[in-house]
Amino acid sequence: MWAASCLASCCAACACEACRTAVGSIGRRSARIAYCGLFALSLLASWVLREVAAPLLQSIPWINHFSKTPDREWFETDAVLRVSLGNFLFFTILAVIMAGIKDQKDPRDKVHHGGWMAKIFCWVVIVFLMFFVPNGVVSFYESISKFGSGLFLLVQVVLLLDFVHGWNENWVAKDEQFWSVVCLCTYFSWDSISMYRVLFCSLKICSYLFHLHHCRYMALLVVSVVCYIATFSFSGLLFHWFTPSGQDCGLNMFFIVSTLILVFLFAIVALHPKINGSLLPASVIGLYCTYLCYSGLSSEPRDYECNGLHNHSKAMSTTSLTLGLCTTILSVVYSAVRAGSSATVLSAPDSPRADKPLLPFSKADEEDTKEVAKPVTYSYSFFHLIFSLASMYSAMLLTGWSTSVGESGKLVDVGWPSVYVRMATQWATAGLFIWSLVAPLLFPDREF
C-alpha cells in the first residue's frame with residue numbers, strides 16, 4: 001500500500017512537471033496554436049459532459065429545482081451551455097484586456113503570449129464556477145448564442161472571401177511581374193555592351209519565366225475546372241439523397257436549384273467585361289455554397305421523409321457525431337488562425353508592412369530600429385473575440401441549436417434551425433461575394 005502511494009505520487013509529480021515544461025515551451029509563434037488547443041479542449045469537455053454529466057446535474061438542487069424533473073436531454077444541453085458560457089467569458093475577458101495594444105512593449109503583450117499556467121488555471125476555475133450560476137443566466141446565454149453564432153458564421157464568410165480574392169490577386173500579380181521582367185530583358189538585350197551574350201541570357205530567362213507564366217495560368221484553369229466539376233457532381237448527389245422519388249420535397253428542390261443558380265450567377269458576374277473578375281474566386285465560392293447546401297440538408301431531422309440519410313442514422317450516429325465535432329474544431333481553428341494572420345482584414349492600425357526598409361542605411365539607423373518597439377501584427381482583441389463567438393457557435397452545434405428532440409439530440413447540428421442557419425449563411429456568402437465584385441464599379445472613388 002505504501003509503495004503504491006509512493007508510485008502514484010511520483011507519477012503525479014512527473015505529470016505535473018511534464019505539463020509545466022510543455023506549457024513553458026509555448027512561445028510567441030506557437031501562442032495561437034495553444035489557444036486553438038485550449039478551445040479544442042473545451043469542445044471535448046462539452047462533448048464528454050453532454051454524455052455523462054446528466055445524472056450529476058439532476059442531483060444538484062440549484063439546477064434541478066423544478067417540481068417535475070425535465071428529461072435527460074435538458075440536462076445534456078444545460079451542461080454544454082455552462083461549459084460554453086465559461087469559455088465565452090474567458091475569451092471575452094481576454095479580448096477586453098487586450099484592447100488597444102499597438103506594440104510589443106505593452107505589458108499586455110506578454111499576457112497574450114505567456115502565463116499559460118495561470119491562464120489554464122483561470123479557464124478551469126471559470127468553467128467550474130458556471131455550474132453554480134442560476135438557470136436564468138444560462139437561458140439568457142442560450143438566447144444570445146443564436147445571434148453570436150450568426151456573427152461567427154458571417155466572420156467566416158468574410159475571411160473566406162478575403163482568402164479567395166487574395167489567392168487570385170497573388171497569382172495575377174505574379175503574371176504582371178512576368179511581363180515587367182520580359183520588358184526588362186528586351187531593354188537589356190539591345191542596350192548592353194555585350195549584346196549577344198546578354199541577349200542569350202535574357203532569352204533563357206524569359207523562356208523560363210514564360211514557362212512559369214503558362215504554368216500559373218494553367219493552374220488557375222485547372223483549379224477552377226476541378227471546383228466546377230466537384231460542384232456539379234456534388235449537386236447531383238444532393239438530388240439523389242434529398243429528393244427521393246415518391247416524396248413531396250419541394251423545399252429541398254428549391255434549396256438545391258437556387259444553389260445551382262447562384263453558381264451560374266457567380267460565373268456570369270465575374271466574367272462580365274466591366275467587372276474584370278476571375279473564374280477562380282467564383283468557382284471556389286460556388287463550391288463552398290454547394291457545401292453549405294449539403295450541410296443544411298443533412299441537418300434536417302432524421303425522421304424527415306426527404307432526408308435520404310435517415311436510413312443510416314442509427315448506424316452512423318457515432319460517426320456523425322465525431323465528424324461533426326472534428327469539422328467544428330477545424331472550422332473554428334481556421335477562422336481564428338486566419339483572423340490572427342490576415343493582413344488586410346485584422347491588422348492593427350499602426351502595423352507598418354511596407355514602410356519599413358529591409359536594411360538600415362547606417363549603424364545609427366540600425367540602433368534606432370532596435371530601440372523602436374515592434375508593432376503587433378494583428379489585433380489581439382479581435383483574435384480572442386473570434387473564440388468568444390466560436391464558443392457560442394460550438395454550443396449551438398452540440399445542442400442542435402437547443403431544439404433537439406428524440407434521436408436527433410444525439411447528433412451534432414441536427415434540426416430545422418440548423419437548416420435555415422446554413423441556408424441563410426449561403427445567401428449571405430452569395431450576397432457578399434457579388435457585392436465584392438460590383439462595389440468597385442458602383443463606387444470607383446472608394447478603395448475596396
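**Exercise 1. State the handedness of the disulfide between C249 and C306, and describe what the link joins.**

Solution.
Step 1. The link of C249 and C306 is left-handed, with -95° about the S-S bond. These values come from a predicted model.
Step 2. The sulfur atoms of C249 and C306 are 1.9 Å apart. A disulfide requires cysteine sulfur atoms within 2.5 Å, and by this rule the count comes to one disulfide.
Step 3. Locate the two ends. C249 sits in the loop between helix 8 (195-242) and helix 9 (250-270), and C306 in the loop between helix 10 (279-298) and helix 11 (313-341), so the pair ties together parts 57 residues apart in sequence.

**Exercise 2. Decide whether C249, C306, C36 and C293 are buried or exposed, and whether C293 is in a disulfide.**

Solution.
Step 1. The cut-off for buried is under 20% relative accessible area.
Step 2. Take the two bonded cysteines. C249 has 7% relative accessibility and therefore counts as buried. C306, with a relative accessible area of 0%, is buried.
Step 3. C36 is buried because its relative accessible area is 6%.
Step 4. C293 is in no disulfide, as the nearest cysteine sulfur belongs to C289 and is 9.5 Å away. With a relative accessible area of 0%, C293 is buried.

**Exercise 3. Summarise the fold of the chain in terms of its elements, burial and contacts.**

Solution.
Step 1. The chain has 14 helices and zero strands.
Step 2. Of its 448 residues, 41% count as buried.
Step 3. Take contacts between residues at least 6 apart in sequence: 80% of them join residues at least 24 apart.

**Exercise 4. Describe how helix 2 packs against helix 6 and against helix 13.**

Solution.
Step 1. Start with helix 6. The axes of helix 2 (residues 31-52) and helix 6 (residues 116-129) come within 12 Å and cross at roughly 20°. Angles under 35 degrees count as roughly parallel, so helix 2 is roughly parallel to helix 6. The crossing of these two helices is right-handed.
Step 2. List the residues. Helix 2 contributes A31, A34, Y35, L38, L41 and S42 to the contact, and helix 6 contributes W116, K119 and W123. By class, the contact of helix 2 with helix 6 has seven nonpolar residues, one polar and one charged.
Step 3. Turn to helix 13 (residues 380-398). Its axis and that of helix 2 are 11 Å apart, at an angle of about 20°. Helix 2 and helix 13 are therefore roughly parallel, and their crossing is right-handed.
Step 4. On the helix 2 side this contact uses R32, Y35, C36, F39, L43, S46 and R50; on the helix 13 side it uses F383, H384, F387, A390, S391, S394 and L398. The residues of the contact of helix 2 with helix 13 divide into eight nonpolar, four polar and two charged.

**Exercise 5. Classify the packing of helix 4 against helix 6.**

Solution.
Step 1. The axes of helix 4 (residues 72-97) and helix 6 come within 8 Å and cross at roughly 140°.
Step 2. Only angles over 145 degrees count as roughly antiparallel, so helix 4 is oblique to helix 6. Helix 4 passes helix 6 in a right-handed crossing.
Step 3. V83, G86, N87, L89, F90 and I93 of helix 4 meet K119, W123, I126 and V127 of helix 6. This contact of helix 4 with helix 6 comprises seven nonpolar, two polar and one charged residue.

Terms used: Residues are numbered from 1 along each chain as its sequence is written. This is a predicted model: local features need pLDDT of at least 70, side-chain atom pairs count only at pLDDT 80 or more; totals for chains, interfaces and linings use all residues. Side-chain values use heavy atoms; hydrogens and water are left out. Axes are lines fitted to C-alpha atoms, for helices over the stretch in contact, and angles run from 0 to 180 degrees between N-to-C directions. Helices (H or I, at least four residues) and strands (E, at least two) are DSSP runs, numbered from the N terminus. Angles under 35 degrees count as roughly parallel, over 145 as roughly antiparallel, 65 to 115 as roughly perpendicular and the rest as oblique. A crossing is left-handed if the near helix is turned anticlockwise from the far one by less than a right angle, and right-handed if clockwise. Contact means heavy atoms within 4.5 Å. Ala, Val, Leu, Ile, Met, Phe, Trp, Tyr, Cys and Pro count as nonpolar, Asp, Glu, Lys and Arg as charged, and the others, Gly among them, as polar. Buried means under 20% relative accessible area, exposed over 50%, partly exposed in between (1.4 Å probe, protein chains only).
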